[in-house]
Amino acid sequence: MNNIKISKAIPSDAEGIQLVTAEASRGMYKLCGWSEQEIDNHFTPEKREKAIEGLGKAIANFTEDNILFVAKNDEGKIVGCCFAERHEDKNTIEALYVLPDFQGTGLAKQLFDKAYYLLDKNKDTYLDVFSLNIRGERFYQKQGFSETGKKTFDERFKGVDGKMLEITEMCRSSKI
Ligand SMILES: CC(C)(COP(=O)(O)OP(=O)(O)OC[C@H]1O[C@@H](n2cnc3c(N)ncnc32)[C@H](O)[C@@H]1OP(=O)(O)O)[C@@H](O)C(=O)NCCC(=O)NCCS
């Protein structure tokens, strides 16, 4: 954990953020039952290029409502990130990813705390987590989130058998 610095993302961080997302989420998809093949299908080089380009442009146009923090090691490599947004009626946590070597070190919590601090304290905060991502759900429960009862499916998360991963919505009330 030494020499890890957390800062706001800049457009040139897009590639590093995409890499950390892809690498950190492999374990998450495995936990949800996906095979290596299904994970590889989800992160093809074409999708990767598109994601990096889109993310770089998005960061360049960020306002104070888009909150993206990255954690970098002393070589400047991105090892974790947290993305949150302020909306008219609510806040959302869009993503939280930490490389396997940095999981269980408190870095995810540090990233989460920094992003959460900038959200609107008068509004509830929502997030989606795969129902089978026990570790993610437990992490968010410790940060004060609980399940709203809403479960959804998204075509983007479809395995080779055609089945989509179930998504659980969680919320942290502004009242706590
Ligand atoms: C889910 C995920 C974000 C959780 O991160 P994590 O690494 O377990 O989280 P942390 O290390 O911050 O916290 C875990 C524990 O380490 C503790 N910890 C360990 N060392 C610590 C330190 N030096 N300082 C503070 N806390 C420390 C934390 O207090 C916490 O303990 P607790 O569980 O008893 O409360 C992470 O596993 C991950 O990136 N997974 C893949 C992607 C994913 O699933 N994302 C979430 C859904 S989008």
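## Report on the overall form, helix α1 and the ligand shell

With 176 residues, the protein would have a radius of gyration near 16 Å if it were a compact globule, and its value of 16 Å agrees with this. The model described here is predicted. Along its principal axes, the C-alpha trace spans about 40 × 40 × 30 Å. Of the 176 residues, 27% count as buried. Among contacts between residues at least 6 apart in sequence, 66% join residues at least 24 apart.

The secondary structure comprises five helices and seven strands. Read from the N terminus, the order of the elements is β-α-α-α-β-β-β-α-β-α-β-β.

### Helix α1

Helix α1 covers residues 14–31. The table lists its length and span.

| Property of α1 | Value |
|---|---|
| Number of residues | 18 residues |
| Span from first C-alpha to last | 26 Å |
| Span expected at 1.5 Å a residue | 26 Å |

The span of α1 is thus close to the expected one. The helix nevertheless has a kink of about 35 degrees, centred on Ser-25. Ser-25 is also one of the buried residues of α1, together with Ala-14, Ile-17, Gln-18, Val-20, Ala-24 and Tyr-29.

Against which elements do the buried residues of α1 pack? Their partners are two helices, α2 (36–42) and α3 (45–60), and three strands, β2 (66–72), β3 (78–86) and β4 (91–98). After the helix comes Gly-33, which has a positive phi, near 95 degrees.

Glu-15 also belongs to helix α1. Is this residue buried, exposed or partly exposed? Glu-15 counts as partly exposed because 16 other C-beta atoms lie within 10 Å, whereas a buried residue would need 20 or more and an exposed one would have 12 or fewer. Glu-15 is separated from Thr-152 by 137 residues in sequence, and the two C-alpha atoms are 29 Å apart in space.

### The shell around the ligand

The ligand is surrounded by 22 residues, and the closest are Gln-103, Gly-106, Ala-108, Lys-109 and Gly-136. The elements that contribute two or more residues to this shell are α1, β4, α4 (107–117) and α5 (134–142). Helix α1 therefore appears in two settings: its buried residues pack against elements that include β4, and α1 and β4 each give two or more residues to the shell around the ligand.

What classes of residue make up the shell? There are 11 nonpolar, eight polar and three charged residues around the ligand.

Notes: Residues are numbered from 1 along each chain as its sequence is written. This is a predicted model: local features need pLDDT of at least 70, side-chain atom pairs count only at pLDDT 80 or more; totals for chains, interfaces and linings use all residues. Helices (H or I, at least four residues) and strands (E, at least two) are DSSP runs, numbered from the N terminus. The expected span of a helix is 1.5 Å times one less than its number of residues. The bend at a residue is the angle between axes fitted to the seven residues ending there and the seven starting there. Two residues are in contact if their C-beta atoms, placed from the backbone, lie within 7 Å. A residue is near a molecule or strand if its C-beta atom, placed from the backbone, lies within 6 Å of it. Ala, Val, Leu, Ile, Met, Phe, Trp, Tyr, Cys and Pro count as nonpolar, Asp, Glu, Lys and Arg as charged, and the others, Gly among them, as polar. The radius of gyration is taken over C-alpha atoms; the globule rule is 2.2 Å times the number of residues to the power 0.38.
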